[in-house]
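Q: Hey, can you walk me through this one? I'd like to start with how the chains meet.

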Amino acid sequence: MIRFLIRRILLGILVLWLITMAVFGLFFVAPNNVARTMAGRQATPQTVELIRERLGLDQPVWKQYLDFIWKALHGNLGYDYYYQLPVTHIMAQALPITLSLALGASVIWLIIGVTNGVLSAVYPRSFIDRGLTAFALFFYSFPSFLLGLVLLYFIYYKLTLSGLRWFPPGGYAPLSQGPGQWALHMILPWLTLALVLAATYTRLTRSSMLDVLGEDYVRTARSKGLSERRVVLRHGLRSALTPVVTQFGIDLGQLIGGVVVTETVFSLPGLGKTVIDAITRQDLPVIVGIVIFASAAVVTANILVDVAYALLDPRVRLH
Amino acid sequence: MSIGTSDVAAAHEEVAGPVIEGRSPWALAFARLRRDKVAMLSLAIIIVIVVVALLAPLFSAITGHGPNEQYHTANALSPGGLPRGPSGEFWWGTDDLGRDVLVRTVYGARISLLVGVLATALTVAIGVVLGLTAGFLGGLVDTLLTRLIDVVLSVPFILVAVALVSITGPSLSITVLVIGFFSWASVARIVRGQVLSLREREFVEAARSLGSSDRRIMFVDILPNVLSQVIVYTTLLIPVVIVVQATLSFLGLGLPPPTADWGGMISEAQSYYTVAPWFIAFPGAALVITTLAFNLFGDGVADAFDPRTDRLISQ
């Protein structure tokens with residue numbers, strides 16, 4: 001097990017290293033005129049050159065890269081071009097928002113997805129099954145930005161018009177303003193993410209539950225005279241959840257960098273929105289820092305999923 | 001008297017009833033698909049969308065409005081410069097610049113379908129070739145390609161795509177390339193997995209002993225065996241690609257304005273969603289109906305090729 005773990009972590013580091021190279025190469029090699037932009041319209045070539053020098057952009061790319069890696073290994077991802085703030089500081093401010101969004105939404109989509117999946121599997125091909133799967137597919141076909149706007153229109157705007165000022169149109173309220181405010185600001189973004197993602201979980205839970213309910217031990221449990229409820233929840237669901245947990249790990253890793261759209265629609269200044277803003281200003285250190293951090297989240301989540309799998313199924317460790 | 005084959009068949013018919021014809025798995029799949037009402041309805045909707053997209057200039061001619069023409073008449077913009085709702089002149093209302101939402105939505109279908117098909121084709125082409133190569137050749141090539149797949153799958157796609165397009169500048173070909181470049185890995189992984197077991201089968205050994213080259217075995221002997229899986233994945237990939245394209249557009253990185261495309265229209269409509277809901281509703285509905293139709297159809301195709309698979313809409 002230890003050997004498996006070490007090999008998996010080394011592979012993860014290799015993957016991450018390749019990503020830093022690719023990302024760095026892509027963004028720093030591509031022609032950019034950030035020095036020009038920063039210098040302003042009337043700047044002399046000398047000023048532009050000076051800014052390039054100060055940002056380290058006059059160095060050869062390989063030197064910039066080694067420099068970047070060396071500092072990154074010491075926990076320094078560089079400074080943003082405009083305010084000279086450490087990138088790690090900018091990320092530390094944005095991360096709680098992205099985490100609030102991702103974790104809160106994941107609770108909702110797990111509840112919706114697993115409940116609907118179990119119901120569908122217990123009554124296969126029934127009206128409930130068809131209804132729930134149609135519901136899932138409908139939201140699965142919704143791009144999240146569109147669903148966000150639809151929710152804003154009906155739940156924020158229409159409710160507010162009719163005198164129910166329950167939800168804000170966007171923005172973030174930190175937990176320090178009280179959990180109530182925080183949750184009110186997050187509900188619509190949570191729903192947006194959760195409804196789109198719940199479909200995958202409904203489908204996954206349904207199929208894995210149908211497999212499990214056909215197993216011999218479930219028949220044994222039934223023939224012992226256990227209540228149907230107990231058979232489904234205790235004996236069925238427990239083992240049916242393995243693929244769901246796997247998918248959950250992978251999705252959560254992806255979400256750190258995948259909530260760009262939801263954050264944009266609801267003006268939440270999380271990691272995704274920060275990248276979009278940095279892109280419009282060509283603030284390369286911020287873009288590179290966050291992209292690499294988001295990749296690290298994916299890689300870490302994948303390792304955790306593999307480890308969980310290896311713990312559950314010893315055959316995996318051999319490969 | 002010699003007995004012809006027809007006599008034999010007739011004799012069989014007397015004994016065992018009508019002759020049982022052998023049908024290929026493909027014919028069976030198509031037969032199943034044709035019986036699937038939901039899939040056929042979705043296919044009909046897809047065909048309608050394709051026809052509408054092809055006939056976009058016709059809509060322009062009927063309404064008399066070009067897709068990028070701005071109107072500043074009282075019917076097109078309110079005195080305050082806000083979009084106007086659906087009317088006799090502008091059936092689906094106007095946008096913030098006084099352009100016809102109906103005509104723009106219809107033209108937008110062209111972009112969605114074009115990118116959907118092209119980017120999916122590119123994704124599948126790269127994925128199949130690299131997956132076949134990795135799975136069939138094995139060894140170092142397989143190790144390297146598998147690592148590459150891991151890397152690509154670990155990239156936070158939307159983030160990198162957005163950053164990349166911001167460097168290159170938005171265009172149709174960049175959108176297609178970016179989507180293809182970051183999506184092939186999952187296709188390659190599926191194909192590789194299939195090929196790993198297929199290459200141990202007797203028919204591959206037979207082909208090899210007949211002197212077939214590696215390339216011939218890969219593309220002539222093995223490829224047809226993974227094709228059904230690839231087709232299923234392809235139909236389910238198209239709606240995903242359409243959503244990704246719309247998302248990139250929504251984030252301002254789709255096609256340069258004034259080209260009409262759904263994601264871009266919804267992005268422009270964003271600031272007017274309270275005063276001009278039609279401006280979001282029509283392109284939004286077009287987008288959802290298109291992806292929903294493709295998803296339902298893809299689900300039917302998956303079921304037709306492998307009836308055991310779990311599907312979202314059960315019959």
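**Where the chains meet**

A: Sure: 36 residues of chain B are in contact with 45 residues of chain A, where contact means that C-beta atoms, placed from the backbone, lie within 7 Å. It's a predicted model, where local features need pLDDT of at least 70, side-chain atom pairs count only at pLDDT 80 or more, and totals for chains, interfaces and linings use all residues. Residues are numbered from 1 along each chain as its sequence is written, with chains lettered from A and ligands numbered from 1 in the order in which they are written.

Q: Which element gives the largest share of chain B's side?

A: Helix 12 of chain B, with 9 residues. Helices here are DSSP runs (H or I, at least four residues), numbered from the N terminus.

Q: OK, new topic: where in chain A is confidence lowest, and where is it highest?

A: Lowest in helix 2 (residues 34–39) of chain A, at a mean pLDDT of 68, and highest in helix 5 (residues 87–122) of chain A, at 91. pLDDT is the predictor's confidence in each residue, from 0 to 100.

Q: And chain A's mean?

A: It's 83, and 93% of chain A's residues reach 70 or more.

Q: At what angle do helix 8 and helix 10 of chain A pack?

A: About 125°, with their axes 9 Å apart. That makes helix 8 of chain A oblique to helix 10 of chain A.

Q: Which residues of helix 8 make the contact?

A: Thr205(A), Ser208(A), Met209(A), Val212(A) and Leu213(A), against Gly236(A), Leu237(A), Ser239(A) and Ala240(A) of helix 10 of chain A.

Note on methods. Contact = placed C-beta atoms within 7 Å. Helix = DSSP H or I, 4+ residues; strand = E, 2+ residues; numbered from the N terminus. Axes fitted to C-alpha atoms, helices over the stretch in contact; angles between N-to-C directions. Parallel < 35°, antiparallel > 145°, perpendicular 65-115°, else oblique.
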